[in-house]
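Subject: Structure for you to look over

Dear colleague,

I am passing on the structure below, together with notes on what came out of going through it. Please read the notes with the structure open beside them.

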Amino acid sequence: MIPVLDWADAATDRAGFASALGKAVREAGFFLLTNSEVPASLRAEVFRHSNDFFNQPREAKAKLSILDTPHFRGWAKPGDESLDETRPEVDTKETFNIGYDLPPDDPRVLADEPFRGVNRWPDIAGFSDTMLAYYDACQAQASGLLSVMAEDLGLPADHFATHFTEPLSAMRLLHYPPSTGADNEIGAGAHTDYGAITLLMTDGEPGLQVRPRGGDWTDVPHVPDAYVINIGDCLMRWTNDIYVSTPHRVLPPKRQRRSVAFFCEANPDALIAALPGTGDAKYPPIRAADYLASRLEATYAPKETP
């Protein structure tokens, strides 16, 4: 159900790779990508520093609480987020969020523009340099995939390029504690992602499931060193529902689970409107920043703990 694509094929058989990718994102909305452009050594450093952060005392992490800033940067403790808006459960995961990096004196930061705050960093040697290098590597890989998607949709390969120059893209480190066995416990509630495409690297611990249209929950297989790639709601909307954004969730793992997600998002002022050749628009146009804000507000809305 979830195909495995080799990024090396994009260089040797572009048309064949585009055809396979197009089929995957129209049907499953998910695929696994091997031989990515992101160096294995960099991925290892990210996971090492992720462990360094999450292993800190709660008091140290709380100094960087995501709830202390309107720009969604920093640490979200277990229970801060609820990805399934229809259920009373809150997520047991904890996260650390990193966004497009800007200096404190950037005019957009000084103007307090939405999503344009500064990143907040723990006092861990090498942490910020490693995370920003990974952010850039994932953005480059996402841009490569978007160029293939543009071709699949009958558009020039560079169609999306100008819309992702200063993106709203976000990177998040995730830690799922082992299951306690409590009723209705959930690592991350059922949801669809908000942006264009997501690049997820995991430590191999099971838990991620997808629910294809008309199907039941299915485990996502683990392929060592492969990224789990999926379409987000923004790109589904942009393609006028040609590409599908598929619900997924994370069950409470038997052992702790760590992963790193990169959510590729467009520039704040990018107008998300039906692409040429996709037929009559099913959605009104909306700015990428406005769409993202509407989704995040629901995620962080308070819920009563069951």
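Which residue in β12 is the bridge partner of Ile 197? It is Cys 264 that takes this place in β12. Please keep in mind throughout that the model is a predicted one.

**The eight-stranded sheet**

The pairing of Ile 197 with Cys 264 belongs to a longer match, in which strand β7 (residues 197-202) and strand β12 (residues 257-264) run antiparallel and are joined by six bridges. β7 also pairs with β10, again in the antiparallel sense, over four bridges, and there Leu 200 stands opposite Val 228 of β10. Both pairings fit the order of the open sheet of eight strands, β1-β2-β10-β7-β12-β5-β4-β3, whose pairing is mixed. Because β1 and β3 (74-76) stand at the edges with a single partner strand each, one side of each is left without a neighbour in the sheet. From one strand to the next, the twist averages 25°.

In a regular strand the side chains alternate between the two faces of the sheet. In β7, Ile 197, Leu 199 and Met 201 point one way, while Thr 198, Leu 200 and Thr 202 point the other way, and all are buried. Since six of the six residues of β7 are buried, this strand is largely enclosed by the rest of the structure.

Two helices can be described against this sheet. Helix α3 (residues 40-54) lies across β3, β4 (94-99), β5 (170-176), β7, β10 and β12, and runs at about 115° to β12. Helix α6 packs on the sheet as well, touching β2, β4, β5, β7, β10 and β12, with its direction making about 130° with that of β7.

**Helix α2**

Helix α2 (residues 14-27) has 14 residues, and from its first C-alpha to its last it reaches 20 Å, close to the 20 Å expected at 1.5 Å a residue. Its buried residues are Phe 17, Ala 18, Leu 21, Gly 22, Ala 24 and Val 25. Seen down the axis of α2, these buried residues fall within an arc of 165°, and therefore they line one face of the helix. An α-helix has 3.6 residues a turn, so residues three or four places apart point the same way. The face of α2 turned away from the buried side carries the exposed residues Ala 15 and Lys 23. What covers the buried residues includes β1 (4-6), α1 (9-12), β2 (30-34), α6 (127-152) and β10 (227-231). After α2 comes Gly 29, whose phi is positive, near 75°.

**The four-stranded sheet and Thr 239**

A second group of strands forms an open sheet of four, in the order β6-β11-β8-β9 and with antiparallel pairing. Its edge strands are β6 (188-191) and β9 (218-219), each of which pairs on one side only. Within this sheet, strand β8 (residues 208-210) and strand β11 (residues 248-250) run antiparallel and are joined by three bridges, with His 248 of β11 as the bridge partner of Val 210.

The loop between α7 (233-238) and β11 holds Thr 239, which counts as buried at 0% relative accessibility. Leaving aside neighbours within four places in sequence, Thr 239 is in contact with Leu 153, Leu 275 and Thr 278. Thr 239 and Ile 272 are 33 residues apart in sequence, yet their C-alpha atoms are 9.2 Å apart in space.

**The cysteines**

How many disulfides does the model contain, taking a pair of cysteine sulfur atoms within 2.5 Å as the rule? The count comes to zero. For Cys 138, the closest cysteine sulfur is that of Cys 264, and because the two sulfurs are 9.8 Å apart, they are too far from each other for a bond. Cys 264 is likewise in no disulfide, the nearest cysteine sulfur to it being that of Cys 234, at 9.6 Å. As to accessibility, Cys 138 counts as buried at 0%, and Cys 264 is buried with a relative accessible area of 1%.

With best regards

Notes: Residues are numbered from 1 along each chain as its sequence is written. This is a predicted model: local features need pLDDT of at least 70, side-chain atom pairs count only at pLDDT 80 or more; totals for chains, interfaces and linings use all residues. Side-chain values use heavy atoms; hydrogens and water are left out. A disulfide is a pair of cysteine sulfur atoms within 2.5 Å. Buried means under 20% relative accessible area, exposed over 50%, partly exposed in between (1.4 Å probe, protein chains only). Helices (H or I, at least four residues) and strands (E, at least two) are DSSP runs, numbered from the N terminus. The expected span of a helix is 1.5 Å times one less than its number of residues. The arc is that of the directions from the helix axis to the C-beta atoms. Contact means heavy atoms within 4.5 Å. Two strands pair if DSSP finds at least two bridges between them. Axes are lines fitted to C-alpha atoms, for helices over the stretch in contact, and angles run from 0 to 180 degrees between N-to-C directions.
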